[in-house]
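This report describes a single protein chain, moving from individual buried residues to the cores, the loops and the main pocket. Please read it alongside the sequence and coordinates shown here.

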Amino acid sequence: MKDLKKYKEYLGTKELYLKMAKIAIPVSLQSLITVGINLMDTVMLSSMGDDQLSAAALAGQFINLFMICCMGIGMGASVLTSRFWGMQDKSSLKKTITIMLRFVVMFAAVFTLVTIFCPDWIMRIYSKETEIIKHGITYLNWIVPTYICMGLSLTCTIVLRTVGQVRIPLYCSISAFFVNVFFNWVFIFGKLGAPRMEIAGAALGTLIARIFELCFICGYFFFIDKRIRYRLRDLTMRCRDLLKEYIRISIPVLISDALLAFGNNTVAMIMGRIGKTFVAANSVTMVVQQLSSVLTQGVCNASGIITGHTMGEGDYEKAQKQGYAFLFMGFIIGCFAALLIFLLRDPMINYYKVSPEAKLIAKDLMNAILFINIFQSMNSILTKGVLRAGGDTVFLMAGDILFLWVASIPLGYLAGLVFGWPSFWIYTCLKIDQIIKCVWCFFRLRSGKWLKKIKGQA
């Protein structure tokens with residue numbers, strides 16, 4: 001009986017699951033809405049043919065590179081903001097936000113300048129096909145202002161979540177969904193008297209939605225929020241005393257996510273060189289992948305926030321037990337996601353207006369995604385949630401660099417461009433790091449070495 005009670009502690013308490021649901025459900029709903037936006041974009045553009053669909057997908061990879069960098073900046077800062085919120089150290093929390101925003105503006109400026117002056121270079125990284133490059137340049141030219149909008153709204157959203165403000169970002173995403181779909185419909189197809197812009201219309205619709213998100217989230221964060229009470233004047237505050245600690249904890253997260261983004265872009269380059277049919281097929285599967293991972297993202301965010309708060313309170317033993325509970329949840333959610341992919345596979349593929357060959361490849365990719373998703377769910381909750389919140393960011397950075405660049409990319413390159421293996425095995429090789437990291441991080445969790453103290457914590 002005692003052993004049963006002991007195991008139940010590691011599977012999580014009712015209090016933990018209620019706290020997790022309070023954070024995870026709004027975050028998951030927000031992710032679901034984002035998937036809905038991507039789905040509508042992809043479906044609308046698929047009617048324009050494989051070239052425009054592939055061009056938008058590949059141009060979007062460069063934008064995703066920036067987005068992942070911003071998430072690295074924001075999630076790195078969230079390790080500290082959740083901990084400081086648990087300690088109720090408002091001054092240090094504000095200083096962390098100030099450093100974070102300065103990094104975001106710097107990154108946005110770099111990506112904006114590269115997109116303005118080198119759109120052809122960006123597209124040639126991903127594809128050698130003239131039509132795809134031409135359409136991709138058109139997309140990038142329209143999307144230029146999105147970087148600063150996305151960077152500020154995304155990082156402010158992450159910080160709001162760490163202090164329990166999960167509804168505001170959800171309301172913003174719901175509104176942005178309708179804004180994006182409406183303006184995409186208007187400008188892609190030339191409705192309501194607007195010119196028919198096709199791929200440029202998709203970019204313009206996305207840009208309008210990003211501007212809306214900026215006004216909504218940052219308007220609330222800088223002028224209305226009563227929990228943190230961060231205001232525009234705080235952007236000029238002195239933060240030198242916290243900069244070293246921010247760099248120690250947060251920069252490895254940024255490096256990890258940035259290298260992961262570069263790795264994902266390298267994967268996109270490999271796919272682009274396999275051919276536009278493979279790219280179009282992967283674009284079809286992307287929505288189902290995102291749809292199947294919305295619960296994982298919710299629990300991932302919840303696990304990071306709750307772990308940060310628990311460690312901020314100084315209860316390391318409780319944080320260790322919660323880590324096992326979150327890992328168990330990752331396994332359950334991964335199995336559910338695999339079932340969801342299996343059920344949605346054929347209906348989703350048939351919904352798209354792509355070539356028959358692209359549909360066959362998409363089905364092979366779905367079969368590979370189906371089992372990889374189980375490992376990815378557990379791995380994500382540990383790497384992006386529990387272990388990261390524990391401050392074990394250097395270890396995680398090493399894992400991200402090692403397995404992506406030493407295993408996934410070389411194996412994917414060989415499978416796709418040298419040996420010409422079937423689509424199923426190409427995709428499995430490209431994602432093999434997800435399986436390896438799952439095992440790697442389990443042993444790290446069990447060791448307890450991931451529980452790190454921060455400056456000012458007893």
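## Thr383 and its contacts

Thr383 lies in helix H14, which runs over residues 356-389, in what is a predicted model. Because its relative accessibility is 4%, below the 20% under which a residue is called buried, Thr383 counts as buried. Leaving aside residues up to four places away in sequence, Thr383 touches Arg388, Leu396 and Cys441.

Cys441 also serves as one end of a distance to Gly312: the two residues are 129 positions apart along the chain, and their C-alpha atoms are separated by 22 Å. Gly312 itself is found in helix H12, and with a relative accessibility of 11% it counts as buried.

## Thr98 and Ile97

Thr98 is placed in helix H4, residues 90-117, and its relative accessibility of 0% means that Thr98 counts as buried. When residues up to four places away in sequence are not counted, the contacts of Thr98 are Tyr230, Asp234, Leu235, Met237 and Cys239.

On the same basis, with residues up to four places away in sequence left out, Ile97 touches Thr81, Val159, Phe221, Ile228 and Tyr230. Tyr230 is thus named among the contacts of Ile97 and among those of Thr98.

## Nonpolar cores

In soluble globular proteins, nonpolar side chains tend to be buried together. Here the largest nonpolar core holds 101 residues, of which Ile97, Tyr139, Phe221 and Tyr246 touch the most other members. Helix H3, residues 50-87, supplies the largest share of this core, with 18 residues.

A second core, separate from the largest, has 31 residues and includes Val166, Ile306, Ala319 and Met329.

## Helix H8 and positive phi values

Helix H8 covers residues 167-189 and has 23 residues, so at 1.5 Å a residue it should span 33 Å; its end C-alpha atoms are 33 Å apart, which agrees with that expectation. The helix is followed by Gly190, whose phi is positive, near 70°. Leu192, in the loop between H8 and helix H9 (199-223), also has a positive phi, near 55°, although it is a residue other than glycine. Since its relative accessibility is 65%, and over 50% is called exposed, Leu192 counts as exposed.

Arg229 is another residue other than glycine with a positive phi, in this case near 60°, and it is located in the loop between H9 and helix H10 (240-274). With a relative accessible area of 44%, Arg229 is partly exposed.

## The largest pocket

How much space lies in the largest pocket? The volume is about 350 Å³, and of the 15 residues that line this pocket, the closest to its centre are Lys22, Ile23, Gly164, Val166 and Arg227. Val166 is also one of the residues of the second core.

The elements that give two or more residues to the lining are helix H2 (14-46) and helix H12 (294-312), and H2 gives the most, with four residues. Sorted by class, the lining of the largest pocket has six nonpolar, four polar and five charged residues. Helix H12, which contributes to this lining, is also the helix in which the buried Gly312 is found.

Methods
Residues are numbered from 1 along each chain as its sequence is written. This is a predicted model: local features need pLDDT of at least 70, side-chain atom pairs count only at pLDDT 80 or more; totals for chains, interfaces and linings use all residues. Side-chain values use heavy atoms; hydrogens and water are left out. On a 1 Å grid over the protein atoms alone, a cavity is a set of points where a 1.4 Å probe fits but cannot get out, and a pocket is an open set with protein on both sides within 12 Å along at least five of seven lines; lining residues have an atom within 4 Å of a point. Grid points are joined across faces, edges and corners, and a volume is the space filled by probe spheres set on the points. Ala, Val, Leu, Ile, Met, Phe, Trp, Tyr, Cys and Pro count as nonpolar, Asp, Glu, Lys and Arg as charged, and the others, Gly among them, as polar. The expected span of a helix is 1.5 Å times one less than its number of residues. Buried means under 20% relative accessible area, exposed over 50%, partly exposed in between (1.4 Å probe, protein chains only). A nonpolar core is a set of buried Ala, Val, Leu, Ile, Met, Phe, Trp, Tyr and Cys residues joined through side-chain atoms within 4.5 Å. Contact means heavy atoms within 4.5 Å.
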